[in-house]
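This report examines aromatic packing and the nonpolar interior of one protein model. The sequence and the structure are shown first.

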Amino acid sequence: MVRLLFLLLLGTLTLAQGLRFTIVHRDIVLARLHSCPRKDIEREKKLQDFFSEAGCSGPALTLDQPKHSKFGNVACTLQGTSPEEIVVGAHFDHVEAGSGAVDNWSGASMLPSLYEALAQNPRKHTFVFVSFYGEELGMVGSQQYVRDMGKEKLAHIDAMVNMDTLGLGPTEIWVSHADPALAKMAFVLASAMKLPLSGVNVDRVGSTDSETFREKKVPSITFHTVSQSTWHILHSREDQLSQIKEDDYYDSYKLLSAYLVYLDQNLPERSASK
């Protein structure tokens, strides 16, 4: 497996010093995307395999499956020096129409590659990479996740970074539902990296798992690529791998890898302020 070590020196940023992260080779990131199992139960298993392949195994890799449910949340924990957490999420389930490659295997399959981007370097925050089941049924998996954590543990989540529907174009943020500080850091970082990032609100398109955390006052942000010209692809037979622009998808991966490291260095601890 080929990996590239990046040391991104951001001299123009007042908050960041140096961002050190390991970028997984484009071919591997795209191979995970192209695997795109047809059945959700196969996606659940494939994600476990990808996380294990990426180095997340043993007690760090869990399947949180409630009783009487066919599916569970696939979660990989990357321990930091602090109990403060950053949750990185993307749902793996999809509707029957289309292959669900865009919505949302594009986000779910990126999670193991983001884990690899951070795993080789020291971190302050504990990162939890979680792929939720049942988003299309009303955020069932993320609601279970939040419910199981409880109020006290939720207070230790400094940010929830969600990915839903990537690769249809350059990276975007659902600004109207994003924590302002998280959005500002994303735009500053994208500018420094010379990668495209814009704000596109999708209030009328649907909902996503970040909303479950946002309702509990956890600072949240969703990255997506839905636009007025592409929203019709969702939940339709047009949702196929052929719709994904691979250059834009890999740019999203690089930006998100750096963004998670940037958050780790600069986010204040929510629990310390209470």
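## Helix α1 and its surroundings

Immediately following α1, Cys36 adopts a positive phi of about 25°. The model is predicted, and local features need pLDDT of at least 70, side-chain atom pairs count only at pLDDT 80 or more, while totals for chains, interfaces and linings use all residues. Residues are numbered from 1 along each chain as its sequence is written, and side-chain values use heavy atoms, with hydrogens and water left out.

Helix α1 spans residues 26–35, and its buried residues are Ile28, Val29, Leu30, Arg32 and Leu33. Buried denotes under 20% relative accessible area, exposed over 50%, and partly exposed in between (1.4 Å probe, protein chains only). Helices (H or I, at least four residues) and strands (E, at least two) are DSSP runs, numbered from the N terminus. The cover over the buried residues of α1 includes β2 (18–24), α2 (40–54), α3 (101–108), α4 (111–119) and α8 (246–266). The charged end of Arg32 sits over the ring of Phe50, 5.7 Å from its centre; this term requires NZ of Lys or CZ of Arg within 6 Å of the ring centre and within 35 degrees of the ring normal.

## Aromatic pairs

Across the whole structure, a search finds 8 aromatic pairs. Rings of Phe, Tyr and Trp (its six-membered ring) pair if their centres lie within 6.5 Å; planes under 30 degrees apart count as stacked, over 60 as edge-to-face and the rest as tilted. Two of these pairs are tabulated here.

| Pair | Centre distance | Plane angle | Class |
|---|---|---|---|
| Phe127 and Phe129 | 6.1 Å | 20° | stacked |
| Phe132 and Tyr145 | 5.8 Å | 80° | edge-to-face |

Phe132 belongs to strand β6 (residues 126–132) and Tyr145 to helix α5 (residues 140–154), so their pair ties together parts 13 residues apart in sequence. Phe132 counts as buried at 0% relative accessibility, as does Tyr145 at 11%. Phe127 and Phe129 are buried too, and they form one aromatic cluster with Tyr115.

## Nonpolar cores

A nonpolar core is a set of buried Ala, Val, Leu, Ile, Met, Phe, Trp, Tyr and Cys residues joined through side-chain atoms within 4.5 Å. The largest has 71 residues, among which Phe129 and Tyr259 touch the most other members. Helix α8 gives the most to this core, with 11 residues. Beyond its neighbours within four places in sequence, Tyr259 is in contact (heavy atoms within 4.5 Å) with Val161, Leu182, Met185, Ala186, Leu189, Ile221 and Phe223. A second, separate core of 13 residues includes Ala75, Tyr145, Ile157 and Phe213.
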